[in-house]
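The exercises below are to be worked with the sequence and the model open side by side. Each begins with a task and continues with a solution in steps.

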Amino acid sequence: MGGTEHLTVHREGATLVLTLNRPEARNALSPAMLVGLYDGWTEADEDDSVRSIVFTGAGGTFCAGMDLKALAGRGMTGDNHRDRLKADPDLHWKAMLRHHRPRKPVIAAVEGHCVAGGTEMLQGTDIRVAGESAVFGLFEVRRGLFPIGGSTVRLPRQIPRTHALEMLLTGRPYTAREAAGIGLVGHVVPDGTALEKALEIAEQVNACGPLAVEAVKASVYEAAELTEADGLAAELARGWPVFDTADAKEGSRAFAEKRPPRFKRA
């Protein structure tokens, strides 16, 4: 199991938990964190015993965005991850889920600040839980910068355009309740319980047929880029083969026998 000094990885049953672990810097993104994240997404995709991913932050905060000093090599000691970043100039974008989509469902558990790069990474997750005091926002324009982690493309596709533009153009902070109101997050829970709720949702996902779950997730994202007619055709192409799997037969038997299914990913 991977991980770095700024990214911890552990298992909770069939769930892989990735935790940004640099609380003294509000989990600002560092080379060690980006390399650890990329390796974590890869590990989840390659390990069939992993059925879901929970993505969170240590120390009561999610992520305050990019640490420009750390990425430039200033103020960091013992960092041996820059060679990885140099060898793959796209690694940091894949780590941040800008245009890399893990096969397994990714559930975000957000406490505290989830701003700038934090909010950009959030858009790469599938299900989102926030603590009551969580704060969201894309602050780049307030600094004369551009949110190039994908927000000008993805955010208007995930929430109503008027809300996306307000968030992008004002650079103001949003409370968890506001974020839920515009559809950026799905659950608001008492502070300190976001991870617990995310793991609860992950267990519900894990109880389902893994091949079906992965096919459904892939179909949703694929169809978003297509016309309705093409999306429906693509759905059939992905969906029909699932009915021929051993998992589908087991699910039907378990339903008839009124027992929990024992899926084997086959």
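**Exercise 1.** Leaving aside its neighbours within four places in sequence, which residues is Gln-123 in contact with?

The model is predicted: local features need pLDDT of at least 70 and side-chain atom pairs count only at pLDDT 80 or more, while totals for chains, interfaces and linings use all residues. Residues are numbered from 1 along each chain as its sequence is written, and side-chain values use heavy atoms, with hydrogens and water left out.

Step 1. Place the residue: Gln-123 is in the loop between H5 and E6. Helices (H or I, at least four residues) and strands (E, at least two) are DSSP runs, numbered from the N terminus.

Step 2. Classify its exposure: the relative accessible area of Gln-123 is 3%, so the residue is buried. Buried means under 20% relative accessible area, exposed over 50%, and partly exposed in between, with a 1.4 Å probe and protein chains only.

Step 3. List the contacts, where contact means heavy atoms within 4.5 Å. With neighbours within four places left out, Gln-123 is in contact with Arg-128, Leu-138, Gly-150, Ser-151, Arg-154, Leu-155 and Gln-158.

**Exercise 2.** Describe the surroundings of Thr-125, which lies in the loop between helix H5 (117–122) and strand E6 (127–131).

Step 1. Thr-125 has 1% relative accessibility and therefore counts as buried.

Step 2. Look for a polar contact, that is, a pair of N or O atoms within 3.5 Å; within protein, one must be able to donate a hydrogen and the other to accept it, and residues adjacent in sequence count only if both atoms are side-chain atoms. The Thr-125 side chain reaches the backbone oxygen of Leu-122 at 2.6 Å.

Step 3. Beyond four places in sequence, the contacts of Thr-125 are Phe-55, Leu-97, Val-106, Ala-108 and Tyr-221.

Step 4. Follow one of these contacts, Leu-97. Leu-97 belongs to the loop between helix H4 (91–95) and strand E4 (106–110), and its relative accessible area of 1% makes it buried. Its phi is positive, near 65 degrees, in a residue other than glycine. Most residues other than glycine have a negative phi.

Step 5. Compare Ala-116, a non-glycine residue whose phi is positive and near 50 degrees. Ala-116 is in the loop between strand E5 (113–115) and H5, and counts as buried at 5% relative accessibility.

**Exercise 3.** How many aromatic pairs are there?

Step 1. Apply the rule: rings of Phe, Tyr and Trp (its six-membered ring) pair if their centres lie within 6.5 Å; planes under 30 degrees apart count as stacked, over 60 as edge-to-face and the rest as tilted. The count comes to three pairs.

Step 2. Trp-41 and Phe-55 are edge-to-face, with 5.3 Å centre to centre and 85 degrees between the planes. Trp-41 is in helix H1 (residues 31–46) and Phe-55 in strand E3 (residues 52–57), so this pair ties together parts 14 residues apart in sequence. Both Trp-41 and Phe-55 are buried.

Step 3. Trp-240 and Phe-243 have ring centres 5.4 Å apart and planes at 50 degrees, so they form a tilted pair. Trp-240 is exposed at 55% relative accessible area, and Phe-243 is exposed at 57%.

Step 4. Ring pairs also join Trp-41, Phe-55 and Phe-62 in a cluster.

**Exercise 4.** Which residues of H12 are buried?

Step 1. Check the length: the expected span is 1.5 Å times one less than the number of residues. For the 12 residues of helix H12 (residues 246–257) this gives 16 Å, which agrees with end C-alpha atoms 16 Å apart.

Step 2. The buried residues of H12 are Asp-247, Glu-250 and Ala-254. Seen down the axis, they fall within an arc of 60 degrees, so they line one face of H12; the arc is that of the directions from the helix axis to the C-beta atoms.

Step 3. The buried residues of H12 pack against helix H10 (210–224), whereas Phe-255 and Ala-256, on the other side of H12, are exposed.

Step 4. After H12 comes Lys-258, with a positive phi near 55 degrees.
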